[in-house]
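I opened the notebook to log charges, patches and polar contacts. Short entries follow.

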Amino acid sequence: EGSPSGNWIRFLNKIAEELEDEYPDLLIDTLAYKHTQAPPKITKPHKNVCVRLCSIKCCFTHPLSDTTCPEGKKFHDDIVGWGKICNNVHVWDYTTNFHYYISTFANLDVIRDNMRFYAENNVVSMFPQGNSQSVSGEFGELRTYLLAKLMWNPYMTEEEYYDLMNEFLEAYYGDGWAYIRMYIDKTSEMYSVGCGNMYMHPFNRLPAERFIEMQQVFTEWWERAEALADADRKDNVHRSSLQWRFFLARLDRNLQPAFIQEVKDYGIFWSEGNLENPRW
């Protein structure tokens, strides 16, 4: 079979065959996760077996279609393989940094490409998992909106995608939204060099020197965006700016007590299951 998934799918096929007559609308759902991620070479899932792949080991700053990325190629190949033998391929995707919920997670320029790739390879449903434990300190709201739109239309053009992004930014952040778009574009460019996973420390992903180089510019962009926002949107800008102020507090320990208190006041989780012990 070439993969432990062979034994696992044979086991599930037996269950599916036992139940299909009595429950014709029932899907037997399983995970292609870690050791079972690769598809089997011989056995094919029964028609009422659903295989759900999990992108836990992927790079999240390069699109899956970029097969030169070593951290994404394995998942790319396995999605293609499952799509050829299974009619019920689902994906459990990850859309944030689960150890550093507050820091910028620069995947907004690749999720459109990834959603198209999934649709083209027989993926029929998505479960994108972000920070479900609290409000966002970065772009959780924007990312959720864009993912919802992409699940309705995974074949939208790049122009359509960025039009939707701009519409949301203007509606959610107000008159200074263009400065926030500039921050998104620049951080996406910065993070495109090298790979990053869903648990990596931001300064392991990029050296602190890169943030120091942009410190004055990024600070000015966020300050201008907040100054231009009306009363209804000013807090949205201020809370989302926590992602940049996280880096500032990481660079200057004197800023940390006030920053930590603000995060607690918003009720934002620092990391998965952890509010009281900040990860720096």
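Is isoleucine 15 buried, partly exposed or exposed? I looked up its relative accessible area, which is 31%, so isoleucine 15 is partly exposed. The classes I use are buried under 20% relative accessible area, exposed over 50%, and partly exposed in between, with a 1.4 Å probe and protein chains only. The areas come from the Shrake-Rupley method with a 1.4 Å probe, and for residues only the protein chains shown count as cover.

I noted the ground rules next. This is a predicted model, where local features need pLDDT of at least 70, side-chain atom pairs count only at pLDDT 80 or more, and totals for chains, interfaces and linings use all residues. Residues are numbered from 1 along each chain as its sequence is written, and side-chain values use heavy atoms, with hydrogens and water left out.

**Entry: patches**

I placed isoleucine 15 in helix α1 (residues 5–19). Helices (H or I, at least four residues) and strands (E, at least two) are DSSP runs, numbered from the N terminus. Together with Trp8 and Phe11, Ile15 makes a nonpolar surface patch of about 270 Å². A patch takes residues with over 30% relative accessible area and no salt bridge; like charges are joined within 9 Å, nonpolar side chains (Val, Leu, Ile, Met, Phe, Trp, Tyr) within 5 Å.

I then found a negative surface patch, formed by Glu159, Glu160, Asp163, Glu167, Glu170 and Asp175. Lys and Arg count as positive, Asp and Glu as negative; His and the chain ends are not counted. Each charge is placed at NZ of Lys, CZ of Arg, CG of Asp or CD of Glu. From this patch I checked aspartate 163, which sits in helix α5 (residues 158–173). Its relative accessibility is 39%, so aspartate 163 is partly exposed.

**Entry: salt bridges**

Side chains of opposite charge can pair when their charged atoms come close. My criterion is a side-chain nitrogen of Lys or Arg within 4 Å of a carboxyl oxygen of Asp or Glu. By this rule I count 14 salt bridges. I logged three of them.

- Glutamate 1 pairs with arginine 10, with the closest N and O atoms 3.0 Å apart. Glutamate 1 is partly exposed at 23%, and arginine 10 is partly exposed at 44%.
- Lysine 73 pairs with aspartate 77 at 2.7 Å between the closest N and O atoms. The two are separated by about one helical turn because they are four residues apart in helix α2 (residues 70–85). Lysine 73 is partly exposed at 36%, as is aspartate 77 at 33%.
- Arginine 210 pairs with glutamate 213, the closest N and O atoms being 3.3 Å apart. Both lie in helix α8 (residues 208–213), three residues apart, about one turn of the helix. Arginine 210 is partly exposed at 26%, whereas glutamate 213 is exposed at 54%.

**Entry: buried polar side chains**

Which side chain of opposite charge is nearest to arginine 112? I found glutamate 158, 4.5 Å away; arginine 112 is buried yet has no salt bridge. Arginine 112 belongs to helix α3 (residues 111–120). A polar atom of its side chain lies 3.2 Å from the backbone oxygen of methionine 156. I call a pair of N or O atoms within 3.5 Å a polar contact; within protein, one must be able to donate a hydrogen and the other to accept it, and residues adjacent in sequence count only if both atoms are side-chain atoms.

I closed with asparagine 88, in the loop between α2 and β3 (89–94). Its relative accessible area is 15%, so asparagine 88 is buried. The side chain of asparagine 88 reaches the backbone oxygen of lysine 47 at 2.9 Å.
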